[in-house]
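Subject: A structure for you to look through

Hello,

Here is the structure I promised to pass on. Please open it first, then read my notes beside it.

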Amino acid sequence: MYSAYAQISETRFLEIYGLNFEEFAEGQVFHHRPGMTVSQQENAEEAFDTFNCAMLHYDEHYAAQTEFKKPLVVSTLTLQKIFGMSWKTFARKDRITAFENISMTAPIFGGDTLYCTSQIIKTDDTGGKTGDVTVKASCTNQNGIEVANLTYTVSIFKKGQHPVWGNQPNTCSNPWFLAYHQREDGSLQEATGIFFEGFAKGQIFEHSPEITLHPSSMLRHAVQTMQWHPLYNDREFARDIYGRDRLPASELHVLSLVTAATTSTFGRVVANLGWTDTKLSRHFYAEDRFKVTSEVLATRESRSRPDQGILTAKTVAHDQTAREALSYTRTLLVYREGKGPYAAAGY
């Protein structure tokens, strides 16, 4: 079975994603997790951002006069969700080379939750560093009704050829670190984090991919969280303060990105009980990059919650110069094996 980690040393593990071309085979079926709930707000934003003139997607009064009775989700947004949900399995892709078929088979509305399953139709070794994989993707809603399907071909890097993960083995002897759970029918379902029993004091996890501070994201988060200080939106003001041309990033935005970077490994967390000893060692600017690692400091059973355990971990972000930029310690509640909402939710 494929691992979600490359073992760097006895206690150090690197998060990795995707299969090599040679590891895909005709007939394989992958169930992607997590799913995604689509909102009408993002549906309208997709239409506006792409200059979509079809008012069925954002005029509720108009939509009420149609057979759908409410705004219909833009089909291209559904396609983006399908590829977003399936990115982990196909993470070693070069590019999509063709769409053989795209079918929208049932309406999708704001509030629907989407899930994706991919079946490998064929593989074709085209020579060179990549090979072609033809995939049939099926998108279903929370009721199990198929709402879209498509067939496409994607070029996937061969073993040892991916520039980042190509030389990292995706096998690991630790059974808690598997990338997939095998269903009774032999199909593979993507895993979402490690159960409490899989953690041990001294483990170090290198989170992937690394973080880049993008100016558009920095501004958007500052505006939406009402951090309207001119430091974050006025380049001349920021230059007068710091003497740099690059806009600074809000410390809270960076903290959010660093914390989110840990959620692949800590995907079975019930609750974040809080941060302690948080240290910010420098200013943050657009285009800064950070590599994030987490070390398990302690584990213990929960006295009041037998289905959960308590994990203490220290997370550190190093910048592009390998200098420590941010660190903190967190205490987390984590589901134990076989516990939690996973079976009921289709995970």
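Two residues are in contact when they have heavy atoms within 4.5 Å of each other. With that in hand, start at Thr78. Leaving out residues up to four places away in sequence, Thr78 touches Val73, Met104, Ile108 and Ala148. Thr78 sits in helix α3. Is Thr78 buried or exposed? Its relative accessible area is 1%, and under 20% counts as buried, so Thr78 is buried. Please keep in mind that this is a predicted model.

**The cores**

Next, the largest nonpolar core. It has 31 residues. Which of them touch the most other members? They are Phe24, Ile82 and Val133. The elements that give two or more residues to this core are α3 (75-85), β5 (113-124), β6 (130-140) and β7 (146-157). β7 gives the most, with six residues. There is a general point behind this. In soluble globular proteins, nonpolar side chains tend to be buried together.

Look at Phe24 in detail. Leaving out residues up to four places away in sequence, Phe24 touches Leu19, Phe30, Thr89, Phe90, Ile120, Thr123, Val133 and Ile156. Apart from this core lies another one, of 21 residues. Among its members are Tyr232, Ala249, Ala286 and Ala325.

**Aromatic rings**

How many aromatic pairs does a search of the whole structure find? It finds 22. One of them is Phe24 with Phe30. Their ring centres are 6.0 Å apart, and there is 70° between the planes. That makes the pair edge-to-face. Phe24 is buried, with a relative accessible area of 4%. Phe30 is buried too, at 0%.

Now compare the rings of Phe199 and Phe266. Their centres are 5.6 Å apart and their planes are at 40°, so this pair is tilted. Phe199 lies in the loop between β9 (188-190) and β10 (204-206). Phe266 lies in the loop between α6 (251-261) and β12 (269-280). The pair therefore ties together parts that are 67 residues apart in sequence. Phe199 and Phe266 are both buried. They also belong to a cluster. Ring pairs link Tyr5, Phe13, Phe177, Phe199, Phe205 and Phe266 there.

Two charged residues sit over rings. Lys70 lies over the face of Phe109, at 4.9 Å from the ring centre. Arg268 lies over the face of Tyr342, at 4.5 Å from the ring centre.

**Strands β13, β14 and β15**

Move on to Ser294. It is in strand β13 (residues 289-301). Ser294 is buried, with a relative accessible area of 1%. What does its side chain make a polar contact with? The partner is the side chain of Thr315, at 2.8 Å. Leaving aside neighbours within four places in sequence, Ser294 is in contact with Gln203, Ile204, Phe205, His207, Thr262, Phe266, Lys314 and Thr315. You have met Phe205 and Phe266 already, in the ring cluster.

β13 and β14 run antiparallel, joined by eleven bridges. Thr299 has Leu311, in β14, as its bridge partner. A hairpin of six residues joins the two strands.

Why is strand β14 (residues 308-319) called largely enclosed by the rest of the structure? Nine of its twelve residues are buried, and that is the reason.

On to β15 (residues 324-335). Eleven bridges join β14 to β15, and these strands run antiparallel. One bridge pairs Thr315 with Tyr328, in β15. β14 and β15 form a hairpin with four residues between them. Ala322, in that turn, has a positive phi of about 70°.

**Two last stops**

Arg305 is in the loop between β13 and β14. It counts as partly exposed, at 38% relative accessibility. Arg305 and Phe83 are 222 residues apart in sequence. In space they are 37 Å apart, C-alpha to C-alpha.

Finally, see helix α5 (residues 235-242). At its start, a side-chain oxygen of Asp234 reaches to within 3.1 Å of the backbone nitrogen of Glu236. Just after α5 comes Gly243, with a positive phi of about 70°.

Best wishes

Methods
Residues numbered from 1 in each chain as written. Predicted model: local features only at pLDDT ≥ 70, side-chain atom pairs only at ≥ 80, totals over all residues. Heavy atoms only, no water. Polar contact = N/O pair within 3.5 Å; in protein donor to acceptor, adjacent residues only side chain to side chain. Phe/Tyr/Trp six-rings, centres within 6.5 Å; stacked < 30°, edge-to-face > 60°. Buried < 20%, exposed > 50% of the residue type's maximum accessible area, 1.4 Å probe, protein only. Lys NZ or Arg CZ within 6 Å of the ring centre and 35° of its normal. Core = buried A, V, L, I, M, F, W, Y, C linked by side-chain atoms within 4.5 Å. Pairing = 2+ DSSP bridges.
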